[in-house]
Amino acid sequence: MGTVTVNGSGDPTDQARLLARWALGTALAAVVLLLSGLGGGGVLVLLGALVGLACSAVGIWWFLAHRGPLRVAGALLAIGAPIAVLVVYVVWGPWLTALLALALWSVALVCARTSLRLIRGPRAKALPRGERRPRPRRAVLIMNPKSGGGKVARFKLVERAERLGARVVLIDPSVEADVDAIARQAVADGADLLGVAGGDGTQALVAAVAAEHDLPFLVISAGTRNHFALDLGLDRTDPSTCLDALVDGEEFRVDLGSVSGRPFVNTVSFGVYADVVQLPEYRDAKAGTAVEVLPDLLQGGGGDRLDATADGLALPAQQALLVSNNPYATADPLSAAAARRPRLDGGELGVIAIRVDGAAQAAEMAVRGTQASGLNVLTASRVEVTGKAAAPVPVPASAFVPAPTRPPGVPGQPGTISVAVDGEALTLPTPVVCTVRPRALRVLVPRHRPGVIEPQPPLDWRRVTEIAFQPPSRRSRS
């Protein structure tokens, strides 16, 4: 007698199909409830919410790109627009219906994401399981005592590392240290592992030396933000746990980025952010400095622009360009996945290019998100920033045009541009070329890492619909 399997009881495909149907059903119920509960003016109220969102974005744009009365008006509009929408909802009376609809929509999102995660299976893990390696005998760890506000001393990293048999090289914060030379000297002295307790910029420099000599590399999350450590699944709240890799570690390979010959592990930024990072006062007052100088950089939408190409596709007159060592999960800054890279060994660069020509385009970006014409999100193996655009002539930001060709060996327009490499301020000659070296870096991490999570799949309602109506598996029959 055959075994009877109920839908969703065991087979991941059947469970995914059932959850996809729940997602579609609850999403439809939320829309119907909201429209019916709001009565004849429901559509107008929904449109009002979108208008409020757009007005808030316009206010933020005015606040960032202008000074004086327009900045004050922008701040009032950014704060007042959502408050006005909330008041309309309360006065109109649909707030209870809206809450119920929001609850249904939340259920729909959970079911949709779970369905997508089930259907893609175990291959979507953020990081591969590493290989066990013999314990390093001559590990050399370079530590910056000033990094992260003094985490090296606070977590007693030197003492713990030396107890585990590693040799520690402390950087003197009073003088400018040549980290690359220190790492190369360590290799010459016979080091069989290189590690860094410091910021991402320092991590990248030592990682390049480790990759060059095919040595394992140890990341100690003692920097301020530690984005690389985050994507490796390391504990950023207690950097001392990273040292567990010396006695109970596993090793796998990740990609290493290169910008005009300089390594990077996270991102290279061009445009507005890179210009802000160049300012000496930025280190001590990041937010205040940015708010003060952004009007000069943006100039209401007519500030300096950069021309770039990504694998032969032109990105003309961009205000900001972010190139990452493997793409981030989403370009939506409001998403929890925005700060995470699902993979570090995909062999490609992530590219986010932003162009906002004024308040109208800022409003469009707020309403349409990643589908806005001023935002381009793509992947590439090579990104070239050719230099500053000649003039901010309006061009549809979403229209990719063939990259201008030039004879081999003939450089682009001479000049320099500001670049932020893993948060470090640099000035590089143009053209600036970003590439990626697939699986060039061996990383050694603790086997038990509390930060390892399975990345959330991108929400694709078309795919959810396909899953909902796919035929049942052979294992599920009645």
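Here is a short walk through a few features of this predicted model, starting with one helix and ending with the cysteines.

Let's begin at helix α8, which runs over residues 200-212. From its first C-alpha to its last, this 13-residue helix reaches 18 Å, close to the 18 Å expected at 1.5 Å a residue. How many of its residues are buried? Eleven of the 13 are, so α8 is largely enclosed by the rest of the structure. The buried residues include Asp-200, Gly-201, Thr-202 and Gln-203, and further along come Val-206, Ala-207, Ala-208, Val-209, Ala-210 and Ala-211, again among the buried ones. It helps to recall that an α-helix has 3.6 residues a turn, so residues three or four places apart point the same way. After α8 comes Asp-214, and its phi is positive, near 55°.

Next, please move along to helix α9, which covers residues 227-231 and contains Asp-231. Is Asp-231 buried or exposed? With a relative accessible area of 3%, Asp-231 is buried, because buried means under 20%. What does its side chain meet there? The side chain of Asp-231 is joined to that of Arg-341 by a polar contact of 2.6 Å.

Finally, a look at two cysteines. Cys-242 counts as buried at 1% relative accessibility, and Cys-434 counts as buried too, at 0%. A disulfide is a covalent bond between the sulfur atoms of two cysteines. The structure holds zero disulfides, so neither Cys-242 nor Cys-434 takes part in one.

Key:
Residues are numbered from 1 along each chain as its sequence is written. This is a predicted model: local features need pLDDT of at least 70, side-chain atom pairs count only at pLDDT 80 or more; totals for chains, interfaces and linings use all residues. Side-chain values use heavy atoms; hydrogens and water are left out. Helices (H or I, at least four residues) and strands (E, at least two) are DSSP runs, numbered from the N terminus. Buried means under 20% relative accessible area, exposed over 50%, partly exposed in between (1.4 Å probe, protein chains only). A polar contact is a pair of N or O atoms within 3.5 Å; within protein, one must be able to donate a hydrogen and the other to accept it, and residues adjacent in sequence count only if both atoms are side-chain atoms. A disulfide is a pair of cysteine sulfur atoms within 2.5 Å. The expected span of a helix is 1.5 Å times one less than its number of residues.
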